[in-house]
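Thanks for making the time this morning. I would like to take you through one sheet and one loop, and I will give the cut-offs as we go.

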Protein chains: 2
Amino acid sequence: MTERTDRADRSTVERDPEAVSRFVEHFAAQLVEAGVPRMPARVFAALLASDSGTLTSAELGERLRISPAAVSGAVRYLAQVHMVSREREPGSRRERYRVHGDQWYEALTSREAIIKRWEHALREGVDSLGAATPAGRRLAETLAFFEFVDTEVAQMMNRWRTERERLFGSQDDH
Amino acid sequence: MTERTDRADRSTVERDPEAVSRFVEHFAAQLVEAGVPRMPARVFAALLASDSGTLTSAELGERLRISPAAVSGAVRYLAQVHMVSREREPGSRRERYRVHGDQWYEALTSREAIIKRWEHALREGVDSLGAATPAGRRLAETLAFFEFVDTEVAQMMNRWRTERERLFGSQDDH
DNA sequence: CCTTAACTTCACAAATTTGTGAAAGAAGCG
DNA sequence: CGCTTCTTTCACAAATTTGTGAAGTTAAGG
């Protein structure tokens, strides 16, 4: 589809900026539809599509055509939800941002904090509406579901780590 | 219609509108934080906290102090993401909206459509960046993760149905 | 058929969110 | 220590999203 190759056979070569950008924008658009704010989505996609899995602020601004301020904001958001981590580059005052392979989809999947607050709100609801009322029972069941999911997801992620090991070697990036 | 006795000892009674409202607003707030638009979140919470699990458009407007238009918009949204279903009330042209017990958190959890599109975008990415490149490998792994989650979640939901049966009787609402 | 109850659509005002340029803050390096 | 390079913060303009009143649509019930 996009005209790939002719020559180029070492793995690290043949990076067509066109193609990369197309993927970045397309994938970012999907994230946006799922509720991720626009800039964070684009920054994240760009990192995902980079060979090293890390980019500096300058590189991000350049590739996405956005201001340093926008990069800063996006990265702050992504760090907060644990989808990227930031690392100071030893020499220069440059900062690098990294998609941390595993860690990020764990964040996506579990949503720890959010679920916990839902559970809390539901407990309050059961209390104040009364566990014996129909509505109270519905809330209690919903609560039970979330608690169930909590433990199941944790187990699932363990299985994934095994599966991942099986499919790909130990580590890949990082 | 509001004003339902005092005395009260049958399970269906003793609904303190104050307390209900507090729960509705609190839970809705949590949903909003998780990315659900405000009105849909409030409407949904109201349904969840109702004894029958169904409310008419008029009842919703009244309890939440919002216009019919707002109700309409919110319900359209919720129906689209399968968090409520609408049913025509046989006699009158009134419409009822219902939280369908199970169905809704299944929707919340699986997100079928969204995940599928992510997977699609990722496949394209692997193709156009090249499966042999570091970035391509990262995308491939991410893709594998989502595919893994797909099947795992399906199984998890089956287990939940069993568990639910065990905890609560066969059906509760509906 | 006409009336009327119930929901939906539409245009728009208000509120919120986004991204930017400019200025201010850190931190390496001479 | 001061210069320089990078990043963050801030105020604001632009774009988007929200919720409303009002007009439009549909169908029940005379």
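What follows is a walk through the sheet in chain A and then through the strands and a loop residue in chain B.

Before the details, please keep in mind that this is a predicted model, in which local features need pLDDT of at least 70 and side-chain atom pairs count only at pLDDT 80 or more, while totals for chains, interfaces and linings use all residues. Residues are numbered from 1 along each chain as its sequence is written, chains are lettered from A and ligands numbered from 1 in the order in which they are written, and side-chain values use heavy atoms, with hydrogens and water left out.

Let me start with chain A, where three strands (DSSP runs of E, at least two residues, numbered from the N terminus) make an open sheet in the order 1-3-2, with antiparallel pairing; two strands count as paired if DSSP finds at least two bridges between them. The edges are strand 1, residues 54-56, and strand 2, residues 85-88, each of which pairs on one side only. From one strand to the next the twist averages 30°, where axes are lines fitted to C-alpha atoms, for helices over the stretch in contact, and angles between N-to-C directions run from 0 to 180 degrees. Packed on this sheet is helix 3, residues 57-64 of chain A, which touches strand 1 and strand 3 and whose direction makes about 90° with that of strand 1; a helix here is a DSSP run of H or I with at least four residues, and contact means heavy atoms within 4.5 Å.

Turning to chain B, strand 1, residues 54-56, pairs with strand 3 in the antiparallel sense over three bridges, and Leu55(B) has Tyr97(B) as its bridge partner. Strand 2 and strand 3 of chain B are joined by four bridges, again antiparallel, and they form a hairpin with six residues between them; Arg88(B) stands opposite Glu95(B) there. Along strand 3 of chain B, Glu95(B) and Tyr97(B) point one way and Arg96(B) and Arg98(B) the other, and all are buried, meaning under 20% relative accessible area, with exposed over 50% and partly exposed in between (1.4 Å probe, protein chains only).

So where does Glu89(B) sit? Glu89(B) is in the loop between strand 2 and strand 3 of chain B, and it counts as partly exposed because its relative accessibility is 22%. Leaving aside neighbours within four places in sequence, Glu89(B) contacts Arg94(B) and Arg96(B).
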